[in-house]
Amino acid sequence: MSTAPSPRAWLALTLLLALAALAGWWLPRSALDWQPALAAREPWRALSAVAVHYSTLHLAANLAGTALVGALGVAARVPLAMALAWGLAWPLTQLGLLMRPDLLHYGGLSGVLHAGVAAAALWLVARERGRRQLIGAAILAVLLVKILGESPWGPALQHRAGWDINIAPFAHASGALAGLLCARLALLFIRHDD
């Protein structure tokens, strides 16, 4: 695969996630949200969970985050392989939640957005030099500090000041890890002669 920037692919995935979130607002949450007990019987929930939001604030924050991750990928000049890595990390983020069976329901974009940030930042660290590489390293460092500060090993759902819903920090950790693993795999398939 080429290392040529592919903003269209990254932005297409960004738009797909945003549209899924908007469409899901009017659909029954119980048919779409992630539920570990239904993972084997209803595997689509690994994809459809991004369409579920539990409040207007939750939806608005996730849509704003989606715009920021979209802009990050464009600014990072990620190639098609990184957009594909982010796409693959989407269902893997929810599948990672199987490690937290006490998280009985999950919905939202935040885990998948963490995957996108991790993939774009790893691209900068692995393939750029100088200031752009340092920016990628700084993003990864901030992401790690954020995730560790959220105590993803604590209660599955946690109340945070300023939010009208409970937060599932393990989803952020699962997303970041899925994004890193998928991006690292994608780097193996990118030609180094570009």
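Modeller: One convention first: Ala, Val, Leu, Ile, Met, Phe, Trp, Tyr, Cys and Pro count as nonpolar, Asp, Glu, Lys and Arg as charged, and the others, Gly among them, as polar. Also keep in mind that this is a predicted model.

Colleague: Okay, let's use that on the largest pocket. How do its lining residues divide into nonpolar, polar and charged?

Modeller: The lining of the largest pocket has 16 nonpolar residues, nine polar and three charged. That makes up a lining of 28 residues, around a volume of about 650 Å³.

Colleague: Which of the lining residues lie nearest the centre of the largest pocket?

Modeller: Look for N62, S110, H114, K146 and H172.

Colleague: And which elements each supply at least two residues of that lining?

Modeller: Those are α3 (56-76), α5, α6 (131-149) and β2 (166-167). The largest share comes from α3, with seven residues.

Colleague: Now the second largest pocket. How do its lining residues divide?

Modeller: There you get 13 nonpolar residues, two polar and no charged ones. The second largest pocket holds about 320 Å³ of space and is lined by 15 residues, with A173, S174, A176, L177 and A178 nearest its centre. At least two lining residues each come from α4, α6 and α7 (169-188), and α7 gives the most, eight residues.

Colleague: Let's turn to helices. How far apart are the end C-alpha atoms of α1, and what should its residues span?

Modeller: The idea is to compare the expected rise with the actual end-to-end distance. At 1.5 Å a residue, the 18 residues of α1 (residues 7-24) should span 26 Å, and the end C-alpha atoms are 25 Å apart, which agrees.

Colleague: Which residues of α1 are buried?

Modeller: W10, L13, T14, L17, A18, A21 and G24 are the buried ones in α1. Viewed down the helix axis, the buried residues of α1 fall within an arc of 140°, so they line one face. The general reason to expect such spacing is that an α-helix has 3.6 residues a turn, so residues three or four places apart point the same way.

Colleague: What do the buried residues of α1 pack against?

Modeller: They pack against α3, α4 and α5.

Colleague: Let me try α6 the same way. What should its residues span, and how far apart are its end C-alpha atoms?

Modeller: For α6, 19 residues at 1.5 Å each should span 27 Å, and its end C-alpha atoms are 26 Å apart, so the two agree. G136, L143 and I147 are buried in α6. Down the axis, these buried residues of α6 fall within an arc of 25°, so they line one face of the helix. The buried residues of α6 pack against α5 and α7.

Colleague: Which exposed residues does the face of α6 turned away from its buried side carry?

Modeller: That face has R131, L134, V142, V145 and G149.

Colleague: What about backbone angles? Which residue follows α6 with a positive phi?

Modeller: S151 comes after α6, with phi near 55°. S151 is not a glycine, so don't skip over the sign when you check the backbone. S151 is in the loop between α6 and β1 (158-159), and S151 is partly exposed, at 27% relative accessibility. Another one to check is R77, also not a glycine, with a positive phi of about 55°. R77 lies in the loop between α3 and α4 and is partly exposed, with a relative accessible area of 41%.

Colleague: Last topic, single residues. Is R100 buried or exposed?

Modeller: The cut-off for buried is under 20% relative accessible area. R100 has 11%, so R100 is buried. R100 lies in the loop between α4 (80-96) and α5 (110-127). Leaving out residues up to four places away in sequence, R100 touches P152, W153, G154, P155, A156 and F170.

Colleague: And where is A183 placed?

Modeller: A183 is in helix α7, and at 0% relative accessibility A183 counts as buried. With residues up to four places away left out, A183 touches M82, A85, A119 and L122. For a sequence-distant pair, take A183 and L88: they are 95 residues apart along the chain, with 9.3 Å between their C-alpha atoms.

Notes. Residues are numbered from 1 along each chain as its sequence is written. This is a predicted model: local features need pLDDT of at least 70, side-chain atom pairs count only at pLDDT 80 or more; totals for chains, interfaces and linings use all residues. Side-chain values use heavy atoms; hydrogens and water are left out. Helices (H or I, at least four residues) and strands (E, at least two) are DSSP runs, numbered from the N terminus. Buried means under 20% relative accessible area, exposed over 50%, partly exposed in between (1.4 Å probe, protein chains only). Contact means heavy atoms within 4.5 Å. On a 1 Å grid over the protein atoms alone, a cavity is a set of points where a 1.4 Å probe fits but cannot get out, and a pocket is an open set with protein on both sides within 12 Å along at least five of seven lines; lining residues have an atom within 4 Å of a point. Grid points are joined across faces, edges and corners, and a volume is the space filled by probe spheres set on the points. The expected span of a helix is 1.5 Å times one less than its number of residues. The arc is that of the directions from the helix axis to the C-beta atoms.
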